[in-house]
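Here is a short tour for anyone meeting this protein for the first time. Have a look at the model, then read on.

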Amino acid sequence: MTAAAPVLTHRRKMVIYVLVLVGMFMASLDMQIVATALPTIAADLGKLELFGWVGAAYLLATAAVTPFYGKLGDLFGRKKVFMVAIGLFVIGSLACGFAWSMESLITARVLQGLGGGGLMTSAFGIIADLFEPRERAKYQGYSSAVFTLSGLIGPVAGGVISQAIGWEYIFLINLPIGVAVIAVLALVMPSFETGRQPSIDYPGGLLLAGAVTATVFWAEEALGGGYGGVMVYLLPVIALAALAAFVLVEKRAVEPIVPLHVLRNRTIALALVISVISGVATLGMLNYFALFLQTVTGLPPAYAGLLFLPSSVGSLVASIGTGYIVARTGRYKPFPVAAMALGILVMLAFSTVHAATPIWVIGILMFFFSFSIGLQMQTLMVAVQSSAPRRDVGAATGTLTLARMIGASLGLAANGGILTAGLLRSQTGISAETLAVMPGTMSEMTPAAIATLPAAAAQEVVEVFATAFGSVFYFGAGLFVVGLICALFVENKKLEQHKAEPGPQAAVAE
């Protein structure tokens, strides 16, 4: 029998809510602060071809454990799971700060991602426990301020810190924040037993992780054109086999990682597809925007980071605005539709950007790029949580977060592969004079290396980068078209407005 949930005052709820936002801030800041520092990291550690994997390793590890965190929160309660996630994240950050090579940094990012996978999932699960659906839309809109704050601070701080005192400190900054959150959370968050028999679906989680990993590696190899061996054909087979086995395991599991009955809901299924697609086209582009700005515009890291400011404002305006509108009207469908349509236009506009494009034009495009993200991220979360059965809110939340992480991981791999392939194709048209002064191949050219070239050679290399990035943007536009079609079929449901009933999900579980 389930124990009675502790009754929380509004003030207590808000204290817990703020702690949750701080935890989300840690994970979000890490993604943002790394973006503008990656070119500097690549110049220090070498191996630009592994550039995308610094981000992909984190997201891949996050995707692998995200469904576990969602289900563990349902079984054991959110508090304990959230604190474990923060602890792993802090340990991983420490390992990243002491990395001595690109390979060791990627390995440390995997460890960091094992904790990061629980931060977002558990945070959104706690928010779902605290607030009823319409009110939840408003507070999840507020939570976007966390992403905006990290977007305002992260890119600038990443560029400044990496230039001033060293890129290692962009990771080490997580240590004091994480320790403080764990200490305060232990004191203020109430204990609550869910009353459910713990039964962790390890086989299902491992099979799902295997399917995701094989798919991401295939995207890197097949789209990058860097490997034409048997693995390009074997990896899809492995992914499909793992996915088929996963479905069979979930049908028989006592507490499945992803309850298959949840996927039969049309709104949830379409929200997952849209999240994967938008993850590839948006979150998967984050790190490459920093490289794009530093290569094509020639801006140093700190100044390139400033162009992320309008991006952060766009996300904030869209997220808070949609949160208020959904809370007042109960309608969420128009926002993912508008997000996908706007994404198509922005991607096509980015494909025309070149070295002579005014900075203010790029700033406007960055604003609307993140505006499109803000229109759909929180509204899709509200749609999924309101459509899932109460006992499966955590699992459904974890599944949606997993879909976004899969999309982001695929995006980093696919966009990196498309960029590398475009650079290799364009290298054949580079003049002999430029080739003679280049320190390596086009795929090895960092912003720092471009800065050492003679003016004419540097201009030619920059034009090659602009052309290669054009292919990436066309790919993103195509994905948004598919996302728009899916969004049009989302059920136009109106959220009910009611008070949360007492029970395990009306308060925060430990």
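## Contacts around Leu105

Before we start, one term: two residues are in contact when heavy atoms of theirs lie within 4.5 Å. Keep in mind, too, that this is a predicted model.

With that in hand, which residues does Leu105 touch, leaving aside its neighbours within four places in sequence? The list is Ile41, Leu45, Val54, Cys96, Ala99, Trp167 and Phe171. Leu105 also turns up among the residues with the most contacts inside the largest nonpolar core, together with Phe289 and Phe350. That core has 149 residues, and helix H1 (residues 10-45) supplies the largest share of them, 17 residues.

## The overall picture

Stepping back, the protein has 20 helices and zero strands. Of its 510 residues, 60% are buried. The accessible surface comes to about 19,100 Å², and carbon and sulfur atoms account for 69% of that.

How do the contacts run along the chain? If you take those between residues at least 6 apart in sequence, 85% join residues at least 24 apart. Ala448 gives you one pair to look up: Ala448 and Thr40 sit 408 residues apart in sequence, yet their C-alpha atoms are 7.9 Å apart in space. Ala448 belongs to helix H19 (residues 447-451). Its relative accessible area is 47%, so Ala448 counts as partly exposed.

## Rings that meet

Now for the aromatic side chains. How many aromatic pairs are there? The count is eight. One of them is Phe292 with Phe469, an edge-to-face pair with 5.0 Å from centre to centre and 70 degrees between the planes. The two rings come from distant parts of the chain: Phe292 is in helix H12 (residues 286-296) and Phe469 in helix H20 (residues 455-488), 177 residues apart. Phe292 is buried because its relative accessibility is 1%, under the 20% cut-off. Phe469, at 0%, is buried as well.

Another pair is Phe350 with Phe473, and this one is stacked, with 5.2 Å between centres and 25 degrees between the planes. It also links distant parts of the chain, with Phe350 in helix H15 (residues 334-350) and Phe473 in helix H20, 123 residues apart. Both Phe350 and Phe473 are buried. Put the rings together and you get a cluster: ring pairs link Phe292, Phe350, Phe469 and Phe473.

## Cysteines

Looking for disulfides? A search of the whole structure finds zero. Cys96, which we met as a contact of Leu105, is buried, with a relative accessible area of 0%. Cys486 has a relative accessibility of 15%, so it counts as buried too, the cut-off being under 20%.

## How sure is the model?

The mean pLDDT of the protein is 76, and 82% of the residues reach 70 or more. Where is confidence lowest and where highest? The low point is helix H13 (residues 301-306), with a mean of 67, while the high point is H15, at 91. H15 is the helix that holds Phe350.

Two stretches deserve some caution. Over residues 1-5, pLDDT stays under 50, and the model has 13 contacts beyond four places in sequence for them. Over residues 499-510, pLDDT again stays under 50, and here the model has 41 such contacts.

Key: Residues are numbered from 1 along each chain as its sequence is written. This is a predicted model: local features need pLDDT of at least 70, side-chain atom pairs count only at pLDDT 80 or more; totals for chains, interfaces and linings use all residues. Side-chain values use heavy atoms; hydrogens and water are left out. Helices (H or I, at least four residues) and strands (E, at least two) are DSSP runs, numbered from the N terminus. Buried means under 20% relative accessible area, exposed over 50%, partly exposed in between (1.4 Å probe, protein chains only). Rings of Phe, Tyr and Trp (its six-membered ring) pair if their centres lie within 6.5 Å; planes under 30 degrees apart count as stacked, over 60 as edge-to-face and the rest as tilted. A nonpolar core is a set of buried Ala, Val, Leu, Ile, Met, Phe, Trp, Tyr and Cys residues joined through side-chain atoms within 4.5 Å. pLDDT is the predictor's confidence in each residue, from 0 to 100. Accessible areas come from the Shrake-Rupley method with a 1.4 Å probe; for residues, only the protein chains shown count as cover. A disulfide is a pair of cysteine sulfur atoms within 2.5 Å.
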